[in-house]
Amino acid sequence: MSVSITFNNIVKKYGDNTVIPSLSMGIRQGEFFTLLGPSGCGKTTLLRMIAGFNSIEGGEIFFNDQLINNKPPQHRNIGMVFQNYAVFPHLTVEKNVAFGLENRKVSKQEIKQRVDRMLDVVQISNFRNRLPENLSGGQQQRVALARAIVIEPDVLLMDEPLSNLDAKLRVEMRNAIREIQRKVGITTVYVTHDQEEAMAVSDRIAVMKLGEIQHIGTPQNIYHRPANVFVASFIGRTNILDRTCVVKDGKTILQLTDHYFIEMDNITVTKNDNKIPVKVSIRPEEFMFSRTEEGMSGTVISNMFLGLNTHYFVELETGEQVEIIQESSMEKILEPGTEVKLMVKKEKINVFDGETEKSITKGVINDAKS
Ligand SMILES: Nc1ncnc2c1ncn2[C@@H]1O[C@H](COP(=O)(O)OP(=O)(O)OP(=O)(O)O)[C@@H](O)[C@H]1O
């Protein structure tokens, strides 16, 4: 039975060092939920608290409506997969997968049925009699996954399970993991620092920084309407520019350069002063090269043709450099030194308060509890 997980004001300290000051969030039953953030932000710490391997210095963790703070790890019915596979080297694939069931004193006949089914689900039936040393990294990770899921855990925890695999296999395995999770429907908490991987597999992502949740949302919410400048910069690539919004006659005008203004009807301005410092995030793919005189003036600094896309760096009239990604076409690539005009649609721009760096753009969906 898959469960929901609720954190209420969770605190984690290592000695005097508080690494999670107070964290509240809810993970839904059956959901693929990813903890994403830079090294040291507390992802593994949080996962270990769910598993019961870390003490909890404050707050409460619930599985459904059951408080589990003091429940020992072995009674939490959790499946785990780590980056170093942790399969038993001396046991065959089949024996590895059967291990947890044998420990639970499941009948021989049932073990056979469940192991067979699981080997099918993760597509390693053909290797059932092999020892792990005769499997590739991806195949070993499938064994680890099968072994974690076969016990029918309430929660599946995965900590950077793909980081030991090469790039191609990582993509293949992340698709497999997603598919298998959908099939079995176990509440899954996944830890990664790879934002692309997080977007590929997750129902929702929690972006963390220094033990605090910055934004919880679907990959699309987080990418298109990030809650703050940190989230905008951490997920995907973006250009952050310091700018000013001018509020005049009930209209809010974003001044992108001295000559290029955009009237923004999708931002919320609470201050009364008529000039507001803001930070603006524009993703590289959202710039358009204008064919008219309208737009921000700039000069191409460099180009790089990458097949599907072409990357440019352009120096704006303000002296700032922006990164631009265009879908490649048969047209000639713009050479360094070319004068260009850049435009961007207002709905593609995210605007943040200049001081707090929190979004003031309408349409931010953030399930983080404050
Ligand atoms: N056993 C420990 N004793 C003391 N400090 C610890 C311990 N484990 C982790 N920390 C500290 O807690 C903070 C969070 O660490 P954690 O491993 O949870 O981060 P993470 O986001 O998983 O990082 P990474 O992506 O590098 O694995 C870090 O500052 C780390 O140094």
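This passage walks through a predicted model of a protein with a ligand, going from the overall build to a few single residues.

Let's start with the whole chain. The protein has 370 residues, and 37% of them count as buried. Its secondary structure adds up to eight helices and 20 strands. Drawn along the principal axes, a box of roughly 75 × 50 × 35 Å holds the C-alpha atoms. Contacts tell us something about how the chain folds back on itself: among those in the protein with a separation of 6 or more, 67% link residues that sit 24 or more positions apart.

Next comes the ligand. The shell around it is made of Tyr14, Val19, Gly37, Ser39, Gly40, Cys41, Gly42, Lys43, Thr44, Thr45 and His193. Sorted by class, these shell residues come out as three nonpolar, seven polar and one charged. Helix H1, which covers residues 43–51, gives the most to this shell, with three residues.

Two helix pairs are worth a look, beginning with H2 and H3. Helix H2 spans residues 93–103 and helix H3 spans residues 108–121; the two pack at an angle of about 130°, and their axes are 10 Å apart. An angle like that makes H2 oblique to H3. As for handedness, H2 and H3 cross in a right-handed way. On the H2 side the contact is made by Glu94, Val97, Ala98, Leu101 and Glu102, while H3 brings Ile111, Arg114, Val115, Met118 and Leu119. Seven of the residues in this contact are nonpolar, none are polar and three are charged.

Ala98, a residue of helix H2, gives a close-up of that packing. Leaving out residues up to four places away in sequence, Ala98 touches Ile111 and Val115, both of which belong to the H3 side of the contact. Is Ala98 buried or exposed? There are 22 other C-beta atoms within 10 Å of Ala98, and the bar for being buried is 20 or more, so Ala98 is buried. Far off from this spot is Lys341: it comes 243 residues away from Ala98 along the chain, and the C-alpha atoms of the two are separated by 64 Å.

Helix H2 also holds Val93. With 28 C-beta neighbours inside 10 Å, Val93 counts as buried too. Which residues does Val93 touch, not counting those up to four places away in sequence? They are Ile124, Phe127, Arg128, Arg130 and Val143. Glu196 lies 103 residues from Val93 in sequence, and 30 Å from it in space, C-alpha to C-alpha.

The second pair is H4 and H5. Helix H4 (residues 137–149) and helix H5 (residues 167–184) have axes 11 Å apart and pack at an angle of about 20°. That makes H4 roughly parallel to H5, because the cut-off for that label is anything under 35 degrees. Here, too, the crossing is right-handed. From H4, the residues that meet the other helix are Gly137, Gly138, Gln141, Leu145 and Ile149, and from H5 they are Leu169, Glu172, Met173, Ile177, Ile180 and Val184. By class, this contact contains seven nonpolar, three polar and one charged residues.

Further along, helix H6 (residues 195–201) is home to Met199. This residue is partly exposed, with 18 other C-beta atoms within 10 Å. Setting aside neighbours within four places in sequence, Met199 is in contact with Pro219 and Tyr223. Between the C-alpha atoms of Met199 and Ile349 there is a gap of 21 Å, although 150 residues separate the two along the chain.

Finally, a word on backbone angles. Most residues other than glycine have a negative phi. Asn9 goes the other way: its phi is positive, about 45°, although Asn9 is not a glycine. Where does Asn9 sit? Its place is in strand S1, residues 5–14. Asn9 is exposed, with 12 other C-beta atoms within 10 Å. Glu357 also has a positive phi, near 65°, and is likewise not a glycine. This residue lies in the segment after strand S20 (350–353), and with 17 C-beta neighbours inside 10 Å, Glu357 counts as partly exposed.

Key. Residues are numbered from 1 along each chain as its sequence is written. This is a predicted model: local features need pLDDT of at least 70, side-chain atom pairs count only at pLDDT 80 or more; totals for chains, interfaces and linings use all residues. A residue is near a molecule or strand if its C-beta atom, placed from the backbone, lies within 6 Å of it. Helices (H or I, at least four residues) and strands (E, at least two) are DSSP runs, numbered from the N terminus. Ala, Val, Leu, Ile, Met, Phe, Trp, Tyr, Cys and Pro count as nonpolar, Asp, Glu, Lys and Arg as charged, and the others, Gly among them, as polar. Two residues are in contact if their C-beta atoms, placed from the backbone, lie within 7 Å. Axes are lines fitted to C-alpha atoms, for helices over the stretch in contact, and angles run from 0 to 180 degrees between N-to-C directions. Angles under 35 degrees count as roughly parallel, over 145 as roughly antiparallel, 65 to 115 as roughly perpendicular and the rest as oblique. A crossing is left-handed if the near helix is turned anticlockwise from the far one by less than a right angle, and right-handed if clockwise.
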